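Colleague: Got a minute? I'd like to walk through a protein model with you.

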Amino acid sequence: MLAVMQEEWGSPEKMRLTEIDRPTPIFGEVLVEVVAAGVNPVDFYTAQGSAYNRVLELPYVHGWDVAGVVAEVGYGTTRFRPGDRVFGMPWFPRAAGAYAEYLTAPAGHFARMPEQSTFSAAAALPLAGLTAWQMLVNVARVGPGQRVLITAAAGGVGHLAVQIAKSLGAYVIGTASAAKHSFVRELGADEVVDYTTTDVATTVSDVDVVIQMFGGDAALGALRCLRRDGIMVNAQSAWTPGMAARAAELGVRASGFLVEPDHAGLAALAQLVDEKQLTAHIDSELPLAQAAEANQLVGQGHTTGKVVLVVGSPDRVGATQ
């Protein structure tokens with residue numbers, strides 16, 4: 001099968017489309033024929049060999065976001081049957097191999113795709129969607145009437161977080177550049193702040209929850225937006241030294257975060273999609289052979305929503321959109 005390999009650390013140009021053996025599912029696993037794979041910032045930064053993901057070792061097959069069709073089930077697997085349309089974020093932070101024609105993973109790392117979703121839209125959801133869901137629901141426990149600040153609200157995680165927070169009944173304030181304000185408002189945000197011209201930390205106040213997508217000084221500053229005993233969930237806490245101490249000084253709470261595989265969370269996301277409360281915006285779609293270009297786009301940090309790789313054809317795998 002074809003797969004995108006990382007054989008040496010470096011820029012996206014180091015990615016190589018090559019032929020490798022197709023995997024075989026063991027007990028409790030499924031073999032998924034991949035139709036589409038999402039591209040995430042972690043893909044880009046991991047490839048550079050930085051501290052972003054210390055779990056991976058060379059060589060590895062890129063990617064975590066996947067949508068496809070179950071081709072085979074391992075012994076004892078009862079969640080799925082061959083032909084089921086599934087999506088997931090298997091194995092994270094270990095290598096999953098989503099940039100490939102096939103992958104294997106535990107059945108519990110997948111859920112059934114939303115009924116009305118395309119494969120590309122489903123592939124855009126898992127990592128970003130689970131990040132938003134787990135930060136808002138599992139950690140911050142957002143409920144009706146709460147004020148929630150979401151930074152980078154037009155980005156891959158942010159644009160989904162805005163919609164999920166609104167589905168939970170929250171009042172949502174998003175940050176984005178001026179060019180993306182209309183997009184963020186269309187997602188349901190009640191207020192949008194231009195972080196390029198405004199000091200968010202002095203403009204936004206008395207929020208219950210901050211969903212923070214940047215580390216460093218930006219995250220430390222965002223702590224000042226919280227009401228007393230409010231909570232910031234920081235996806236970049238490893239790059240925010242002094243976060244806990246500063247939160248204590250201000251009388252607020254701060255939590256680090258790392259997304260994990262979660263079939264229940266995926267099912268909740270699928271339900272929101274089917275109820276038309278959640279849509280993954282696709283910035284662009286590229287073929288698997290252009291994985292390097294896709295990662296370069298994401299690495300520049302200016303995409304709106306998600307970038308997706310088209311790996312296979314729904315007709316070829318006997319699926320329909």
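Modeller: Sure, let's go from the overall fold to a few odd spots in the backbone.

Colleague: Anything I should know before we start?

Modeller: This is a predicted model, so local features need pLDDT of at least 70 and side-chain atom pairs count only at pLDDT 80 or more, while totals for chains, interfaces and linings use all residues. Residues are numbered from 1 along each chain as its sequence is written, and side-chain values use heavy atoms, with hydrogens and water left out.

Colleague: OK. How many helices and strands does the protein have?

Modeller: Ten helices and 16 strands. Those are DSSP runs numbered from the N terminus: helices are H or I with at least four residues, strands are E with at least two.

Colleague: And what is its radius of gyration?

Modeller: It's 19 Å, which agrees with the value near 20 Å for a compact globule of 321 residues. That radius is taken over C-alpha atoms, and the globule rule is 2.2 Å times the number of residues to the power 0.38. The C-alpha atoms fill a box of roughly 55 × 40 × 35 Å along the principal axes.

Colleague: How much of the protein is buried?

Modeller: 56% of the 321 residues. Buried means under 20% relative accessible area, exposed is over 50%, and partly exposed is in between (1.4 Å probe, protein chains only).

Colleague: Which residues touch the most other members of the largest nonpolar core?

Modeller: Phe-87, Phe-110, Ile-150, Ile-211 and Leu-309, out of 88 residues in that core. A second, separate core has 16 residues, including Val-193 and Met-232. By nonpolar core I mean a set of buried Ala, Val, Leu, Ile, Met, Phe, Trp, Tyr and Cys residues joined through side-chain atoms within 4.5 Å.

Colleague: New topic: where are the cis peptide bonds you've got noted?

Modeller: One joins Leu-58 and Pro-59, with omega about -10 degrees. Pro-59 is in the loop between helix 1 (41-47) and strand 4 (60-61). Another runs from Phe-92 to Pro-93, with omega near 10 degrees, and Pro-93 is in the loop between strand 6 (85-88) and strand 7 (102-106).

Colleague: What about Trp-91, what's its phi?

Modeller: Positive, about 70 degrees, although Trp-91 is not a glycine. Trp-91 also sits in the loop between strand 6 and strand 7.

Colleague: And why does Trp-91 count as partly exposed?

Modeller: Because its relative accessibility is 28%.

Colleague: Where is Ala-152?

Modeller: In the loop between strand 9 (147-150) and helix 4 (156-167). Ala-152 has a positive phi too, near 50 degrees.
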